[in-house]
Amino acid sequence: MVFGGFFSYFTIGKNRLFSKVYPPYLILSAFFLSFIIAALNDFFNIAIAFSVSLIVLFASNFSILKNLKKMSFVSSFLIFLCLMIIFTYGNETLFKFYFVSIYKEGLILSFKIFLKSLSILFIFLSFVGSMSISLIAASLKTLKVPSDFIFLLVLSFIHIFFIKNEYKKIKNMLKVRGFKGKTNIHSYKTYAYVAGMLFIRALKKGEVTYKAMLCRGFNGTFYDIYELNLNKKSYLFLVFITIFSFFLIFF
């Protein structure tokens, strides 16, 4: 109740994540908490971190059901990693079926990794997930991050979405032509052609972007249009994150 009431104070309106909190504080808090959570070893602290991250996620109006498909790739990789640890790590066997064994140490370690990974994911989704890439870049500039890194982040974001859209176009084009992937030479050649087309289009997009930046007088300096101002909620948010971090570290 206390945590829910506190975080509801920062959440303004539907689908607006901590909109009145100073964005650089959100990014710093997400990174700082992720390092602390990753270093936790005690189940009690891990459970507290997971519970608070889950409360923050719900308080930020993040729709898990709508974004379940986007989270499925990360979750599937995490589950695969945990299963490998369960079957390969440890000395004390809990269950054995022919040549497959489940170890006690592996089960405990995989459960800790699973909870900590989800906690970090929920923290980033809550604090940074709703920010636009331009706001993230402006916040990083405020934090004195080098301009080269900011440009690399922004351009990578743009090109990833460009490649994604191009892949959708090629995929639809293959569907229209009745292509169905099979384990034969024709399918393998088609996949190779798709990869080559994506590479060529990404290369051309990079050249166009570079020429456009030169035409606009690019000199290596990142300019933004945001006016990031501190307020009372930002200070309260920072105080709470600091107290919570010390709680995890010392207890």
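**Note on the predicted model**

1. Cysteine 82 counts as buried, because its relative accessibility is 7% and the cut-off for buried is under 20%. The structure is a predicted model. Cysteine 215 is on the other side of the scale: at 68% relative accessibility it counts as exposed, since exposed means over 50%. A search of the whole structure for disulfides finds zero.

2. Which residues of the largest nonpolar core touch the most other members? They are Leu26, Phe127, Val128, Met131 and Leu248, out of 32 residues in this core. At least two residues each are supplied by α2 (23–39), α3 (43–59), α5 (104–127), α6 (133–142), α7 and α9 (232–250). The largest share, six residues, comes from α2. There is also a second, separate core of eight residues, with Leu57, Phe62, Leu118 and Leu125 among them. As general background, nonpolar side chains in soluble globular proteins tend to be buried together.

3. Helix α5 has 24 residues. From its first C-alpha to its last it reaches 35 Å, which is close to the 34 Å expected at 1.5 Å a residue. The buried residues in α5 include Gly106, Ser110, Lys112, Leu115 and Lys116. Further along α5, Leu118, Ser119, Phe122, Ile123, Leu125, Ser126 and Phe127 are buried too. The list thus holds lysines and serines as well as leucines and phenylalanines. Of these residues, Phe127 is among those that touch the most other members of the largest nonpolar core, while Leu118 and Leu125 belong to the second core. In general, an α-helix has 3.6 residues a turn, so residues three or four places apart point the same way.

4. The second largest pocket has a volume of about 400 Å³. Of the 20 residues that line this pocket, Phe151, Val154, Leu155, Ile158 and Met213 are the closest to its centre. Two elements give two or more residues to the lining: α7 (147–176) and α8 (185–215). The largest share of the lining, five residues, comes from α7. By class, the lining of the second largest pocket has 11 nonpolar, six polar and three charged residues.

5. The end of α6 and the loop after it can be taken together. Threonine 142 is in helix α6 and is partly exposed, with a relative accessible area of 35%. Leucine 143 lies in the loop between α6 and α7; at 28% relative accessibility, leucine 143 counts as partly exposed. Lysine 144 is in the loop between α6 and α7 and is exposed, because its relative accessible area is 73%.

6. What is the phi of lysine 144? Lysine 144 has a positive phi of about 65°, although it is not a glycine. For context, most residues other than glycine have a negative phi. The backbone of the loop between α6 and α7, where lysine 144 is placed, can be inspected with this in mind.

7. Two separations start from the same stretch of chain. Leucine 143 and leucine 28 are 115 residues apart in sequence and 8.8 Å apart in space, C-alpha to C-alpha. Threonine 142 and asparagine 219 are 77 residues apart along the chain, and their C-alpha atoms are separated by 19 Å.

8. Isoleucine 102 is in strand β2 (residues 100–103). At 25% relative accessibility, isoleucine 102 counts as partly exposed. Its C-alpha is 41 Å from that of serine 156, with the two positions 54 residues apart in sequence numbering.

9. Is arginine 201, in helix α8, buried or partly exposed? Arginine 201 is partly exposed, because its relative accessible area is 29%. The C-alpha atoms of arginine 201 and leucine 109 are separated by 44 Å, and the two residues are 92 apart along the chain. The helix that holds arginine 201, α8, is one of the elements that give two or more residues to the lining of the second largest pocket.

Key
Residues are numbered from 1 along each chain as its sequence is written. This is a predicted model: local features need pLDDT of at least 70, side-chain atom pairs count only at pLDDT 80 or more; totals for chains, interfaces and linings use all residues. Side-chain values use heavy atoms; hydrogens and water are left out. On a 1 Å grid over the protein atoms alone, a cavity is a set of points where a 1.4 Å probe fits but cannot get out, and a pocket is an open set with protein on both sides within 12 Å along at least five of seven lines; lining residues have an atom within 4 Å of a point. Grid points are joined across faces, edges and corners, and a volume is the space filled by probe spheres set on the points. Helices (H or I, at least four residues) and strands (E, at least two) are DSSP runs, numbered from the N terminus. Ala, Val, Leu, Ile, Met, Phe, Trp, Tyr, Cys and Pro count as nonpolar, Asp, Glu, Lys and Arg as charged, and the others, Gly among them, as polar. A nonpolar core is a set of buried Ala, Val, Leu, Ile, Met, Phe, Trp, Tyr and Cys residues joined through side-chain atoms within 4.5 Å. Buried means under 20% relative accessible area, exposed over 50%, partly exposed in between (1.4 Å probe, protein chains only). A disulfide is a pair of cysteine sulfur atoms within 2.5 Å. The expected span of a helix is 1.5 Å times one less than its number of residues.
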